[in-house]
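Me: I'm new to this one and would like to know where the labels come from. Could you show it to me and then take my questions?

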Amino acid sequence: MLDFMKAARDLIRARDGGAIGEDHELIAINFVEAATFENPDVLYRSLQTLLDEDWMALPVWARNLAFRLACLQKPDDAELLKTAAVDLMQFGPDWDEETAALMNRVDFLRGGS
């Protein structure tokens with residue numbers, strides 16, 4: 001199994017270094033595989049580390065995928081859901097409905113309306 005943090009860092013380096021063609025495709029495939037099979041707690045902690053280091057380093061599609069996979073595995077983790085919602089909110093109105101749904105879930109989990 002691939003290490004998620006290594007796969008994420010490889011993806012960041014590939015983007016920064018302009019990897020093209022088959023190399024970039026393989027790096028992206030490795031990232032998707034690593035994210036898919038990573039423990040959701042490790043995935044969340046790794047995302048926090050990566051975003052703390054450089055908030056814009058990880059491509060939007062990659063962070064959305066990783067957060068989505070973690071949220072699907074831990075749908076009752078209010079902290080994770082809120083972090084995912086706030087992150088998603090940063091990238092335009094395209095995901096406003098999903099952000100609102102996540103925040104509604106957070107409110108519900110925390111005993112709100």
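Me: What makes the contact between the side chains of Glu-53 and Arg-9 a salt bridge?

Reply: Bear in mind that this is a predicted model. A salt bridge needs a side-chain nitrogen of Lys or Arg within 4 Å of a carboxyl oxygen of Asp or Glu. For Glu-53 and Arg-9 the N to O distance is 2.7 Å, so the pair passes that cut-off of 4 Å. Glu-53 belongs to helix 3 (residues 40-53) and Arg-9 to helix 1 (residues 4-17), so the bridge ties together parts that are 44 residues apart in sequence.

Me: Why are Glu-53 and Arg-9 called partly exposed?

Reply: The label covers what lies between the buried limit, under 20%, and the exposed limit, over 50%. Glu-53 has a relative accessible area of 49%, so it counts as partly exposed. Arg-9 comes to 28% and therefore gets that label too.

Me: How do you know that Asp-77 and Lys-74 meet in a salt bridge?

Reply: Their N to O distance is 3.7 Å, and the rule asks for within 4 Å, so the pair counts. Lys-74 itself is partly exposed, with a relative accessible area of 24%.

Me: And what makes Asp-76 and Arg-105 a salt bridge?

Reply: The closest N and O atoms of Asp-76 and Arg-105 are 2.2 Å apart, so the 4 Å cut-off is met here as well. Asp-76 sits in the loop between helix 4 (60-73) and helix 5 (78-89), while Arg-105 is in helix 6, so this bridge ties together parts that are 29 residues apart in sequence.

Me: Why is Asp-76 called exposed, but Arg-105 partly exposed?

Reply: Asp-76 has 54% relative accessibility, and exposed means over 50%, so the label fits. Arg-105 has 29%, which falls between the two limits, so it is partly exposed.

Me: How many salt bridges are there by this rule?

Reply: The count comes to 7. Some salt bridges also form a network, which links Lys-6, Asp-10 and Arg-13.

Me: Which residues form the negative surface patch?

Reply: Asp-94, Asp-96, Glu-97 and Glu-98 do.

Me: What makes Asp-96 accessible enough to be in a patch?

Reply: A patch residue needs over 30% relative accessible area. Asp-96 has 41%, so it clears that cut-off, and it counts as partly exposed. You'll find Asp-96 in helix 6 (residues 96-109).

Me: Why is Pro-40 called buried, while Ala-100 is partly exposed?

Reply: Pro-40, in helix 3, has 13% relative accessibility, and buried means under 20%, so it counts as buried. Ala-100, in helix 6, has 39%, so it lands between the limits and is partly exposed. The C-alpha atoms of Ala-100 and Ala-85 are 7.7 Å apart, with their positions 15 residues apart along the chain.

Me: How much of the chain is buried?

Reply: Buried residues make up 36% of the 113 residues.

Me: What is the whole chain built from, and how do you know that it is as compact as a globular protein of that length?

Reply: The protein chain has 6 helices and 0 strands. Its radius of gyration is 15 Å, close to the 13 Å that the globule rule gives for 113 residues, so it is as compact as a globular protein of that length. The C-alpha atoms fill a box of roughly 50 × 30 × 20 Å along the principal axes.

Notes: Residues are numbered from 1 along each chain as its sequence is written. This is a predicted model: local features need pLDDT of at least 70, side-chain atom pairs count only at pLDDT 80 or more; totals for chains, interfaces and linings use all residues. Side-chain values use heavy atoms; hydrogens and water are left out. Patches are made of residues with over 30% relative accessible area and no salt bridge: like charges are joined within 9 Å, nonpolar side chains (Val, Leu, Ile, Met, Phe, Trp, Tyr) within 5 Å. Accessible areas come from the Shrake-Rupley method with a 1.4 Å probe; for residues, only the protein chains shown count as cover. Lys and Arg count as positive and Asp and Glu as negative; His and the chain ends are not counted. The place of a charge is taken as NZ of Lys, CZ of Arg, CG of Asp or CD of Glu. Helices (H or I, at least four residues) and strands (E, at least two) are DSSP runs, numbered from the N terminus. Buried means under 20% relative accessible area, exposed over 50%, partly exposed in between (1.4 Å probe, protein chains only). The radius of gyration is taken over C-alpha atoms; the globule rule is 2.2 Å times the number of residues to the power 0.38.
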